[in-house]
Amino acid sequence: MIFDFFTKLTGSEISASIISALLPLFLFVLPFALIAVLLERKVSAHIQDRLGPMRVGYHGILQTLADILKLIQKEDIIADSNDKPLFNIAPVLVFAGSYAVFAAIPFTSSYIGSNINLGLFYIIGISGIVVIGILMAGWASNNKYTLLGAMRSAAQLISYEIPTLMIVVTILMITGTLNLNELTEMQSGFFWNWMIFGGQATGIAKILLIPFMIVGFVVIYISTLAEVNRTPFDISEAESELVSGYHTEYSGMKFAIFFLAEYANMFAVSAIVVVLFFGGYLSPIGYLGNTLGLPWLIPVEQLLWFTFKGVAFVLVQMWLRWTLPRLRVDQLMAICWKYLIPIAFVNLLIVGLITLI
Amino acid sequence: MKEYFNNIYLAFSTIFIGMMVTFKHLFVPAVTIQYPNVKPQLPSRERNRLYVNMDDCIGCDQCARACPVNCIEIETVKSIPGEDLGQTTNGKRKALWVTKFDIDIAKCFYCELCVFPCPTDCIYMTDVYEFSEFERDNLIYDFVPLTEEERIEKKENHEKFMAEKAAQKEAELKAKESKNNSQDKK
C-alpha cells in the first residue's frame, strides 16, 4: 500500500522500499522509544512518590535526549575475551527482530508496511529472531551472568510462545484470516464489534463468546508481557541476581540499541493485542472525518486511535512492572505450563464449539 | 482441582490489590525536595558551620580550650596604651589584639562546646552546611579582620613597647644604682 504510493512518487522501487522501510522507524519507533523511556521513569517515580527526572527541560521532558547524547559519546567497550563478530551482530539482530514486527502492523487503514496475507504468522515468526539475538549476546559476552540471563530468556520466550499461539489460533477460528488489515476491518463498526466483545458474531454466540474472549485477552497479555522480558517476568535481566542479564557487557550505543529494541517490542506486543482484541486502528465511537466530510482526516484519526490504544497497554505494562515483584524461575515455568497453556487449550476448545452454533 | 482455581483467583485478586495500591500512589504528591533549588527547613538547634563575630571577640581563648579536637587556634597581642580597641556589644572593654583566629573546619565535629564558654557570645553555629572545598587547606578559616601587615605591626608595636618599658626600667635601675654608688662614695 504505502510501497505502491512511494513507487509512484519516486519512480523507482528500490528508493520506495528504502523509504517505506525507514518510515516507521523515524516517524514512530524512535519517537515512541524516546517518550516511553521518559514515561517509564516518570510513572515509576510517581508510583513511588518521587518526582523522577526534573532537571532537563520542563519536568525533565528532554531527559531521554540528553541520555542519548551521553550514550553516543560513550566509549564502545569490547572486552578481549568477547567473541567480536557475534558480539557486534547481537544488538542489531535483537533490534531487527523487534523492528521487523512493525512491517506487518496496520497503523491505519491506508498505512501498513506490507499487506501480506500471513501477517500474524509473520509477526509470530519474525519475533523469534529476538531470541537468537539475545542468546548470541549472552554467549558472545563470554560472561557467566550474561549466559545465564540469555539462557533464561530463551527458555522463557520459547515457553510463552505457546499460549500466545493458542490464543492467536482461537482468534483465527473466528475470523478465518491471518491478514491483520482484514482482521481489523472485520471488527469495524462500533466498539461492540471488537473481538473482546465477540466480534461480528450475533445473537447467543456473541454473549457466549465474551467471557472466553476476555480469558483469551488476559492469557495473551500475560504471555506477551513475558515475551518482552519485563517485570514480573524479567528474570533474564534480573539486576539483583544477574547484574543486568544478557546486556551486562554492552556499553554506549549498543546498549542503547538493546534498550530501543525493548521499548519497540513493548509497543509491538501491545499493538498485536490491540489488533487481535481491541479493533486495531478502528475508532470505537465513529470518525470526525465522516461527520465533517473530510476523508483525509480518517487515517489520521485512525493512527491516533491506534497509538492511544497501544500506549494504554504499554502504560499497563509499566504499571504492572512497578507493582509486582520478580517471579522465580520455577514459578515462571509453572505459570506458563500449568496455568496459561491448559487455560488457552480449554479456551480454544470452547470457542471452537461456540463458533459451531 | 479446587486448589488450582483457588490459585488463579488468589493470583488475580492479589495483583488487583497491588495495582490499586500503586494506582493510588500515582496521585500522592511526591515527597521529593528539589534540593539545590529548594532547601529543607532545618531544626532550629541544628549545628552547622561555626562563625566568629570578630567585633565582639576579646581573645580570651576559652573556646580554644573547650574544643575537644583542638581545631581553634588563637594568638593574641596586648594593646599598647593609647590604642582604643572599642567595646564589645555587652560592654566589655577589649584589651587584646587577636592576631590569629583559625578554625580548622575540617577537624571540627560540631559539638558546640566552644559556643557555651564564650563570655561575649561571639562564636556561634550558623545554618550553612554547604562548604565543601577541593583543597583541604581552604577549610582552615581565618576570622581575623586585620591584614598580614597590620598583624606584624601590632606584634612589633607590642615588642617595641615592651623593649621601651624594659629600657626604661633598666635606666631607672641604673639611675638608682648610680645614685646608690655615689652615696656610697660619699
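Contact here means heavy atoms within 4.5 Å, and helices (H or I, at least four residues) and strands (E, at least two) are DSSP runs numbered from the N terminus. The structure is a predicted model, in which local features need pLDDT of at least 70 and side-chain atom pairs count only at pLDDT 80 or more, while totals for chains, interfaces and linings use all residues. Residues are numbered from 1 along each chain as its sequence is written, chains are lettered from A and ligands numbered from 1 in the order in which they are written, and side-chain values use heavy atoms, leaving out hydrogens and water.

A good place to start is helix 6 of chain A (residues 128-140). Its 13 residues should span 18 Å at 1.5 Å a residue, and the end C-alpha atoms are 19 Å apart, which agrees; the expected span is 1.5 Å times one less than the number of residues. Among the buried residues of this helix are Val130(A), Gly133(A), Ile134(A) and Met136(A), where buried means under 20% relative accessible area, exposed over 50% and partly exposed in between (1.4 Å probe, protein chains only). The buried residues of helix 6 pack against helix 4 (84-100), helix 5 (119-126), helix 7 (144-175) and helix 11 of chain A. Just after helix 6, Asn142(A) takes a positive phi of about 60°.

Helix 11 (residues 252-277) of chain A also gives the most to the largest nonpolar core, with 15 residues. That core has 92 residues, and those with the most contacts inside it include Phe102(A), Phe267(A) and Leu276(A); a nonpolar core is a set of buried Ala, Val, Leu, Ile, Met, Phe, Trp, Tyr and Cys residues joined through side-chain atoms within 4.5 Å. Apart from it lies another core, of 30 residues, among them Leu85(B) and Met125(B).

Aromatic rings offer a further view. Over all chains there are 32 aromatic pairs, defined for rings of Phe, Tyr and Trp (its six-membered ring) with centres within 6.5 Å; planes under 30 degrees apart count as stacked, over 60 as edge-to-face and the rest as tilted. Phe101(B) and Phe143(B) are edge-to-face, because their ring centres are 6.2 Å apart and their planes at 90°. Phe101(B) lies in strand 3 of chain B and Phe143(B) in the loop between strand 5 and helix 3, so the pair ties together parts that are 42 residues apart in sequence. Phe101(B) counts as buried at 1% relative accessibility, as does Phe143(B) at 14%.
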